[in-house]
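Have the model open and your selection tool ready. We will take a short walk through the fold, stopping at a helix pair, some aromatic rings and a stretch to treat with care.

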Amino acid sequence: MEYLCGMEIIYSIGDIRHVAGQVWDKCRQYKVWAFDAGMGAGKTTFIHTLCELLQVKSAVSSPTFAIINEYKSEVAGTIYHMDWYRLKDEEEAIQAGVEDSLYSGSLCLVEWPTKAAGLLPDDTLFINIEVIDEHTRKLVINTVDDDIFLQLEK
């Protein structure tokens with residue numbers, strides 16, 4: 001897959017709220033956000049912070065066992081937070097109902113998207129989080145449907 005648009009942000013953990021707001025401002029038109037990163041890199045932390053910014057009132061937690069959590073947002077409406085870590089394959093994802101969420105028109109935040117990558121819509125926003133050190137992360141964002149290249153560093 002060729003990526004036509006990219007954004008890169010290097011940030012300290014203390015700046016995550018600002019970074020989440022910056023990403024939302026630039027990427028809010030995308031309905032499916034696929035977060036790829038190693039265990040403990042900060043996927044759930046970033047999603048939790050984003051949900052706080054979007055005024056989600058309920059507790060935001062990783063849906064590792066439930067596969068899908070649904071939140072209500074004052075800003076974004078319904079948000080589906082999915083964790084595909086425990087999924088074996090795309091068939092299991094379909095049985096869990098992820099397609100209904102992915103194509104609902106609501107914001108979907110997906111952790112471990114490679115477990116069922118074939119189900120992701122073509123206009124998915126891909127977000128990779130890399131650990132630089134204990135307090136620093138690098139966020140790399142790519143999409144296939146935009147020809148604007150942005151590079152931001154904090």
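Start with the whole chain in view: among contacts between residues at least 6 apart in sequence, 62% join residues at least 24 apart. What you are looking at is a predicted model. Colour by secondary structure and you should find four helices and seven strands, running along the sequence as β-α-β-α-β-β-α-α-β-β-β. Of the 154 residues, 46% count as buried.

**Stop one: two helices**

Now select residues 16-27, helix α1, together with residues 43-53, helix α2. Their axes come within 9 Å and cross at roughly 70°. An angle between 65 and 115 degrees counts as roughly perpendicular, so that is how α1 lies relative to α2.

Show the side chains where the two helices meet. From α1, pick Ile 16, Arg 17, Val 19, Ala 20, Gly 21, Val 23 and Trp 24; their partners in α2 are Thr 45, Phe 46, Thr 49, Leu 50, Glu 52 and Leu 53. Sorted by class, this contact has eight nonpolar, three polar and two charged residues.

**Stop two: an aromatic cluster**

Keep Trp 24 and Phe 46 on screen and add Trp 33 and Phe 35: these four form one aromatic cluster. The count for the model comes to four aromatic pairs. One of them is Trp 24 with Trp 33, whose ring centres are 6.0 Å apart with planes at 40°, so the pair is tilted. Are these two tryptophans buried or exposed? Trp 24 is buried, with a relative accessible area of 11%, and Trp 33 is buried too, at 0%.

**Stop three: a pair between loops**

Next, select Tyr 85 and Trp 112. Their ring centres lie 4.9 Å apart and the planes stand at 55°, so this pair is also tilted. The two residues are 27 apart in the chain and link distant parts of it: Tyr 85 sits in the loop between β4 (77-83) and α3 (90-95), while Trp 112 sits in the loop between β5 (107-111) and β6 (125-133). Switch on a surface to compare them: Tyr 85 is partly exposed, with a relative accessible area of 36%, whereas Trp 112 is buried, at 15%.

**Last stop: confidence**

Finally, colour by pLDDT. The chain has a mean of 86, and 87% of its residues reach 70 or more. Then select residues 146-154, where pLDDT stays under 50. The model has 25 contacts beyond four places in sequence for this stretch. Where pLDDT is low, the predicted coordinates should not be read in detail.

Conventions: Residues are numbered from 1 along each chain as its sequence is written. This is a predicted model: local features need pLDDT of at least 70, side-chain atom pairs count only at pLDDT 80 or more; totals for chains, interfaces and linings use all residues. Side-chain values use heavy atoms; hydrogens and water are left out. Axes are lines fitted to C-alpha atoms, for helices over the stretch in contact, and angles run from 0 to 180 degrees between N-to-C directions. Angles under 35 degrees count as roughly parallel, over 145 as roughly antiparallel, 65 to 115 as roughly perpendicular and the rest as oblique. Contact means heavy atoms within 4.5 Å. Ala, Val, Leu, Ile, Met, Phe, Trp, Tyr, Cys and Pro count as nonpolar, Asp, Glu, Lys and Arg as charged, and the others, Gly among them, as polar. pLDDT is the predictor's confidence in each residue, from 0 to 100. Rings of Phe, Tyr and Trp (its six-membered ring) pair if their centres lie within 6.5 Å; planes under 30 degrees apart count as stacked, over 60 as edge-to-face and the rest as tilted. Buried means under 20% relative accessible area, exposed over 50%, partly exposed in between (1.4 Å probe, protein chains only).
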